[in-house]
Amino acid sequence: MSDDATDDVRGRAREAIRRSGLSQRRFAERLGIDPSKLSKSLTGTRRFTARELAGIADETGVTVNWLLNGQDDAETVSVPPRDSSAVRPPPPGLADRPTAAKEHNRRLQIIEAAWTLIAEHGYHSVRVAQVARACGTSSATVHYHFPTLNDLLVEALRHSVKQAFDRQVAGLHTIEDPYERLLRLIELQLPASERLRLEWSVWLQIWTAAALDPRMRALHADSYRRWHETIALTLSEGRERGVFGDFDVEETTRRLTALIDGLGIQVLTGMPGRSVDHMRATLRSVIDQDILADRTPRTSS
């Protein structure tokens, strides 16, 4: 990334933090980093890590794509959500309107609390009162932002889509080699951390809801299409550059995503012999044997 582009990222990060209405110190606490690190990144003496970029996006409602490229839908290594409501950046003048900033931050807090509770306890076990209690607010406030529990489930899905998009853009935008990028893309989706296990839990519940409720299918399909197209984008680039073999990109994407989903479900449900390491090794083997142009396994850097 050029010095000018880095300056632009710092400027947009400062603007996002300003719009949040939080002090730099308070914002650093929300990111889980020392305030001096945030200060150095904002002044140019250190670079933001991928995790920090994703954290800034999550805490402020902007996207990593906007932080890096100035547009939510800029062409990048990960396909943006088609559903524009999945990306709701704070208005430019938010920081100048304390009441509006407070409402925006409260809405983000409610979404995060609902997302976590749904992931931990299941959609049908969560009550609005629990979400309100987790946020330190009232049920009336939750209903003000989300009239029904189903609205919260829909927003939890959109929250998961945005988190995955932000995580992928932050973690992949500097990787030029399609093979390395594909491996990293898969690594970013493995249920290896508590946060990723919660994300997988939300998706399991969305799959169930879509199977039983036709109204959820369009939303699920639009959200899942983003993941499918992100895989296909990397496969297409690798094939065009001769890194990957000559195959049908759509069919290979279907097979690879189905394998990822199936293995993820097995890991999440605790099937004997299924682990994150097993999932990683299986996917790596399939990529090396079926996708690489040179079937000799490469050593990932």
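S160 counts as buried, with a relative accessibility of 0%, in what is a predicted model. This serine belongs to helix α9, and its side chain forms a polar contact of 2.7 Å with the side chain of W115. Leaving out residues up to four places away in sequence, S160 touches W115, E199, V202 and W203.

**Annotated regions**

Two UniProt features, both from an unreviewed entry, can be set beside the model. The record places "domain: HTH tetR-type" at residues 104–164, and it gives a "DNA-binding region" covering residues 127–146. The table lists what the model shows over each span.

| Residues | Helix | Strand | Distance between end C-alpha atoms |
|---|---|---|---|
| 104–164 | 80% | 0% | 21 Å |
| 127–146 | 75% | 0% | 12 Å |

**Nonpolar cores**

In soluble globular proteins, nonpolar side chains tend to be buried together. Here the largest nonpolar core has 60 residues, and V131, L182 and F244 are those with the most contacts inside it. Helices α6 (98–121), α7 (128–135), α9 (149–172), α10, α11, α12, α13 and α14 each supply at least two residues of this core, and α6 gives the most, with 8 residues. Apart from this core lies another one, made up of 22 residues that include L53, A57, V62 and L67.

Which residues is V131 in contact with, leaving aside its neighbours within four places in sequence? The partners of V131 are I110, A113, A114, L117, V126, V142 and L152.

**Helices α10 and α14**

L182, already named among the residues with the most contacts inside the largest core, is also one of the buried residues of α10, which are P178, Y179, E180, R181, L182, L183, L185 and I186. Because 8 of the 10 residues of α10 are buried, this helix is largely enclosed by the rest of the structure. The elements that cover the buried residues of α10 include α9, α12, α13 and α14.

Helix α14, formed by residues 276–291, has 16 residues and reaches 21 Å from its first C-alpha to its last, close to the 22 Å expected at 1.5 Å a residue. Its buried residues are V276, M279, L283, I287, D288 and I291. Why do these residues lie on the same side of α14? They cover an arc of only 155° around the axis, and this puts them on the same side of the helix. Among the elements covering the buried residues of α14 are α10 (178–187), α11 (194–212), α12 (214–240) and α13 (249–268).

**Partly exposed residues**

Two charged side chains may be considered in their turn. R225, which lies in helix α12, is partly exposed, since its relative accessible area is 31%. Although R225 and N150 are 75 residues apart along the chain, their C-alpha atoms are separated by 22 Å. K40 lies in helix α3, which spans residues 35–43, and with a relative accessible area of 45% K40 is likewise partly exposed. Not counting residues up to four places away in sequence, K40 touches T45 and R46.

Conventions
Residues numbered from 1 in each chain as written. Predicted model: local features only at pLDDT ≥ 70, side-chain atom pairs only at ≥ 80, totals over all residues. Heavy atoms only, no water. UniProt positions renumbered as here; feature names shortened; annotations may be inferred. Helix = DSSP H or I, 4+ residues; strand = E, 2+ residues; numbered from the N terminus. Expected span 1.5 Å × (residues − 1). Buried < 20%, exposed > 50% of the residue type's maximum accessible area, 1.4 Å probe, protein only. Arc of directions from axis to C-beta. Contact = heavy atoms within 4.5 Å. Core = buried A, V, L, I, M, F, W, Y, C linked by side-chain atoms within 4.5 Å. Polar contact = N/O pair within 3.5 Å; in protein donor to acceptor, adjacent residues only side chain to side chain.
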